[in-house]
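Reader: I'd like to go through this model and ask how each label was earned. Can you put it up first?

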Amino acid sequence: MDVKEIAVIGLGYIGLPTAIMFANAGFRVTGYEIREEVVEKINSGKAHIVEPEINELLLKALESGKLRATSNPADIREKDAYIICVQTPLKDDKTPDLSYLESAVKTVAKAMKRGSLVVIESTIPPMTTMKMAELIEELTGLKAGKDFYMVHAPERVMPGRIFKELVYNSRIFGGITPESAEMAERLYRSFVKGQTFKTSSTVSEVVKLMENTFRDVNIALANEFAFLAHQYGINVFEAIELANTHPRVKIHKPGIGVGGHCLPKDPHLLLWPAREDFGLIKLAREINDSMPLFTKDLLFSALRELNVPPEDAIVTVLGLAYKGDSDDTRNSPALAFIEAISDDVGEIRTYDPFVEGTHGSLEEALRGADAVVIATDHTVFKSLDWEILGKLMRTRILIDGRHIIENPPRGFLFRGIGRGEF
Ligand code: SAJ
């Protein structure tokens with residue numbers, strides 16, 4: 001079937017760019033979003049997410065008449081293709097919350113027609129696409145693979161480079177039938193220039209989760225190397241740099257922890273439907289989640305060394321975002337660190353130029369402070385003048401949670417994750 005009309009369900013940091021790409025590729029796209037304030041903002045030409053190029057590309061899609069946002073399910077009836085881009089968070093007990101996905105699939109089931117293609121872009125536990133196909137069969141009486149097509153097509157984009165990566169990243173289409181995968185690949189090649197691969201929906205779900213689990217486990221390995229560096233009195237970053245000169249070694253970066261809405265979650269999604277637990281993947285999560293506490297130990301050992309009673313200490317945390325040059329604080333290790341010290345220190349101040357609600361001025365955030373803890377690798381933190389900033393502080397303790405400092409500034413008591421030589 002020739003796709004002409006597309007509905008994108010969920011206009012978040014994946015759904016909105018995807019809707020824009022399809023509209024600017026010439027399809028008539030209706031973006032469906034339950035948050036009415038988001039719909040209004042988008043239709044007025046203002047994106048509700050921060051991403052380079054998004055406003056000009058959104059305006060182009062709106063002005064061409066190809067894209068419109070709506071919160072009315074009647075507006076997405078009888079489309080040729082439905083692209084589901086909703087969140088799949090974890091519950092407190094680390095099991096997946098698929099309620100957003102199920103609700104989106106039910107909305108699509110009510111709107112779709114015979115022959116529709118349904119694509120799930122969300123990151124989901126293995127075998128979920130097949131379960132959602134069964135749900136559509138129950139709700140519509142249509143037969144999966146015959147009367148409608150269903151595919152898992154995960155995204156791999158990195159915030160800050162979404163539009164480039166949507167075009168140039170390779171892409172996988174996991175169909176409940178080969179024909180479904182074929183249809184989705186043809187549709188996405190309207191803007192995807194990267195390599196495209198077809199497989200089953202379950203392989204596609206596992207591939208996406210393996211990618212992020214691979215990264216999480218390798219970060220945990222780097223963090224364990226950092227622990228060893230403290231035992232051996234060496235700088236782990238010097239060691240990693242030298243080890244990475246090996247043609248087949250690429251050790252990741254130790255740090256205060258692993259945040260965002262992907263890596264902390266995806267290993268749990270990968271393991272959830274399995275009938276048994278696996279050691280390494282779970283242990284890696286525990287190691288990464290322990291890094292804010294390790295950073296707390298570095299801070300408290302420095303406070304003890306300078307006889308600063310923790311309960312009197314003023315601690316300034318630089319960076320709340322989960323990673324450098326981002327404004328996203330979801331699952332940020334900085335927040336976990338703040339939580340870990342909040343009952344034990346006198347006062348906590350936060351400064352993050354990307355995040356609203358933190359101190360307006362770095363100088364003010366540091367004035368009279370006893371310790372400063374770098375918790376996010378924002379580029380701007382790499383060029384601070386510690387000579388000047390140190391003069392504002394009552395005690396000069398500098399804790400580096402993100403390998404921002406190479407040579408500790410004079411006059412400071414310095415501690416850093418993996419900096420075993422101090
Ligand atoms: N981090 C480290 N050490 C490292 C790399 C990262 O501590 O060596 C930390 C970061 O500071 C951050 C967290 O891990 O707190 C996650 O960082 P990230 O660079 O993985 O950023 P994400 O989660 O936004 O992007 C990942 C990417 N996945 C892979 O690189 C395999 C991205 O391509 C995915 O599209 C994204 O997850 C996703 O949406 O799944």
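Author: What follows is a set of questions about strands, helices and cores in this model, which is a predicted one.

Reader: Let's start with strand 7. What makes strand 7 "largely enclosed"?

Author: The cut-off for buried is under 20% relative accessible area. Five of the five residues of strand 7 (residues 171–175) are buried, so the strand is largely enclosed by the rest of the structure. Both faces are covered, too: R171, F173 and G175 are buried on one side, and I172 and G174 on the other. That fits the usual pattern: in a regular strand the side chains alternate between the two faces of the sheet.

Reader: How do you know which strands pair with strand 7, and in which sense?

Author: Pairing takes at least two bridges. Strand 6 (residues 149–152) and strand 7 have two bridges and pair in the antiparallel sense. One of the partnerships here is V151 with G175 of strand 7. On strand 8 (residues 196–200), strand 7 has five bridges, in the parallel sense. There, F173 has K198 as its bridge partner.

Reader: And what do strand 7, helix 7 and strand 8 make together?

Author: With helix 7 (residues 178–188) between them, the two strands make a right-handed β-α-β unit. Right-handed is the label because, with the strands pointing away from the viewer, the path from the first strand over the helix to the second runs clockwise.

Reader: Where else does such a right-handed unit turn up?

Author: Strand 4, helix 4 and strand 5 make one. Strand 4 has parallel partners in strand 1, through four bridges, and in strand 5, also through four bridges. I9 stands opposite I84 of strand 4, while I83 has V119 in strand 5 as its bridge partner. A81 and I83 point one way from strand 4, Y82 and I84 the other, and all are buried.

Reader: How do you know that the length of helix 4 is close to what is expected?

Author: Helix 4 (residues 99–111) has 13 residues, and the expectation at 1.5 Å a residue is 18 Å. From its first C-alpha to its last, helix 4 reaches 19 Å, which is close.

Reader: What do the buried residues of helix 4 pack against?

Author: Strand 1 (5–9), strand 2 (28–32), strand 4 (81–84), strand 5 (117–120) and helix 5 (128–140). The buried residues themselves are L101, A104, V105, T107, V108, A109 and A111.

Reader: Why is the five-strand sheet called open, and what are its edge strands?

Author: The strand order is 10-9-11-12-13, with parallel pairing. Strand 10 (347–351) and strand 13 (413–416) are the edges, as each pairs on one side only. Neighbouring strands are turned by 20 degrees against each other on average, direction ignored. Inside the order, strand 11 (residues 371–374) and strand 12 (residues 397–400) pair over four bridges, with A371 opposite I397. Helix 11 (residues 279–305) packs on this sheet, touching strand 9 (314–318), strand 11, strand 12 and strand 13, and its direction makes about 160 degrees with that of strand 13.

Reader: Last one: which residues have the most contacts inside the largest nonpolar core?

Author: I6 and L187, in a core of 45 residues. Helix 1 (residues 15–24) gives the most to this core, with six residues. Among the residues I6 touches are F22, V29, A81, I83 and L187. A second, separate core has 34 residues, including I240, A302, I338 and I417.

Technical notes
Residues are numbered from 1 along each chain as its sequence is written. This is a predicted model: local features need pLDDT of at least 70, side-chain atom pairs count only at pLDDT 80 or more; totals for chains, interfaces and linings use all residues. Side-chain values use heavy atoms; hydrogens and water are left out. Axes are lines fitted to C-alpha atoms, for helices over the stretch in contact, and angles run from 0 to 180 degrees between N-to-C directions. Contact means heavy atoms within 4.5 Å. Buried means under 20% relative accessible area, exposed over 50%, partly exposed in between (1.4 Å probe, protein chains only). The expected span of a helix is 1.5 Å times one less than its number of residues. A nonpolar core is a set of buried Ala, Val, Leu, Ile, Met, Phe, Trp, Tyr and Cys residues joined through side-chain atoms within 4.5 Å. Lists of a residue's contacts leave out its neighbours within four places in sequence.
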